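Student: Please take me through the aromatic rings of this protein in detail. I would like to see how each pairing is classified, and where the rings sit.

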Amino acid sequence: LFVVLQHCAVCASCWTGFLPIIVSMFVGRSSLRYGLAAEIGIQIINSGASVAGVRGDGGFAMFIGELETAVRRRLPVLIVVLVDEALSQIKIGQERKGIPATGTTFGSLDYPTLAKAFGARGRDAETPAECREAFAWALAGEGPAIVAARIDPSGYKI
C-alpha cells in the first residue's frame with residue numbers, strides 16, 4: 001500500500017499504520033497541486049499496489065483536471081478529500097499573524113456528482129464508520145474513487 005499525505009496538519013498527528021506501507025508526506029503549501037499527480041505516477045510504476053492519497057478540498061480543487069488522467073488510464077487510486085470548505089492552512093497562517101482571513105473559504109461541492117462527471121466513483125463520509133465503509137468500497141471497485149470526508153476544522157491549532 002502506498003499512501004500520499006498532502007494534508008499534514010491533520011494526517012501527521014493522527015496517522016497509525018497497521019499494514020506494511022510506504023508513506024509519502026508533503027510539508028507546507030508547496031504540495032497543493034502535487035498529490036494526485038504523485039498518486040498517478042506511483043500507481044503506474046507499481047501497477048499491482050493499492051495507492052491512496054489524502055488532501056484538503058482546496059488543494060484538490062487546484063488539480064481536479066488530473067482526475068481525467070486517472071479515469072482514462074483506469075487507475076485504481078483512492079482519492080480522500082478532507083472537506084472543510086477552506087484553504088485551512090493558509091487561513092490559519094493569516095489568523096496567526098493577526099490579519100483577517102481573506103480569500104480562504106469557498107462553497108460546498110457535490111463530490112460524488114463531480115466524480116461521476118469525470119467517469120470516476122465517489123462517496124461522502126462524515127463519521128469514522130462511514131469512512132471505513134467508503135474506503136473498503138473504493139478499494140473493492142475499479143478505477144479511481146473519491147471519498148469526501150467531511151471534517152470539522154474547529155479542532156485545528158492556531
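Tutor: A charge counts as sitting over a ring if NZ of Lys or CZ of Arg is within 6 Å of the ring centre and within 35 degrees of the ring normal. Arg 121 and Trp 137 fit this description: the charged end of Arg 121 lies over the ring of Trp 137, at 4.9 Å from the ring's centre. Please keep in mind that the model is predicted.

Before the other rings, here is the setting. The protein has 158 residues, and 41% of them are buried. Its secondary structure consists of seven helices and six strands. Read from the N terminus, the order of these elements is β-α-β-α-β-α-α-β-α-α-β-α-β. If you take the contacts between residues at least 6 apart in sequence, 66% of them connect residues at least 24 apart. The exposed surface comes to about 8400 Å², with carbon and sulfur atoms supplying 58% of it.

Now to the ring pairs. A pair of aromatic rings is described by two values, the distance of the centres and the angle of the planes. Searching the whole structure gives two aromatic pairs. One of them joins Phe 60 and Phe 63: the ring centres are 5.8 Å apart and the planes stand at 85 degrees, so this pair is edge-to-face. The cut-off behind that label is an angle over 60 degrees. Phe 60 and Phe 63 are both buried.

Phe 60 also pairs with Tyr 111. Here the centres are 6.1 Å apart and the planes are at 50 degrees, so the pair is tilted. This pair links distant parts of the chain, since Phe 60 belongs to helix H3 (residues 57–62) and Tyr 111 to helix H6 (residues 111–118), 51 residues apart. Phe 60 and Tyr 111 are both buried. Taken together, Phe 60, Phe 63 and Tyr 111 make up one aromatic cluster.

A buried residue need not be aromatic, and Gln 43 is an example. Gln 43 lies in helix H2 (residues 35–45). Its relative accessible area is 2%, and buried means under 20%, so Gln 43 counts as buried. Setting aside neighbours within four places in sequence, Gln 43 touches Ala 49, Val 51, Leu 75, Pro 76 and Val 77.

Notes
Residues are numbered from 1 along each chain as its sequence is written. This is a predicted model: local features need pLDDT of at least 70, side-chain atom pairs count only at pLDDT 80 or more; totals for chains, interfaces and linings use all residues. Side-chain values use heavy atoms; hydrogens and water are left out. Helices (H or I, at least four residues) and strands (E, at least two) are DSSP runs, numbered from the N terminus. Buried means under 20% relative accessible area, exposed over 50%, partly exposed in between (1.4 Å probe, protein chains only). Contact means heavy atoms within 4.5 Å. Accessible areas come from the Shrake-Rupley method with a 1.4 Å probe; for residues, only the protein chains shown count as cover. Rings of Phe, Tyr and Trp (its six-membered ring) pair if their centres lie within 6.5 Å; planes under 30 degrees apart count as stacked, over 60 as edge-to-face and the rest as tilted.
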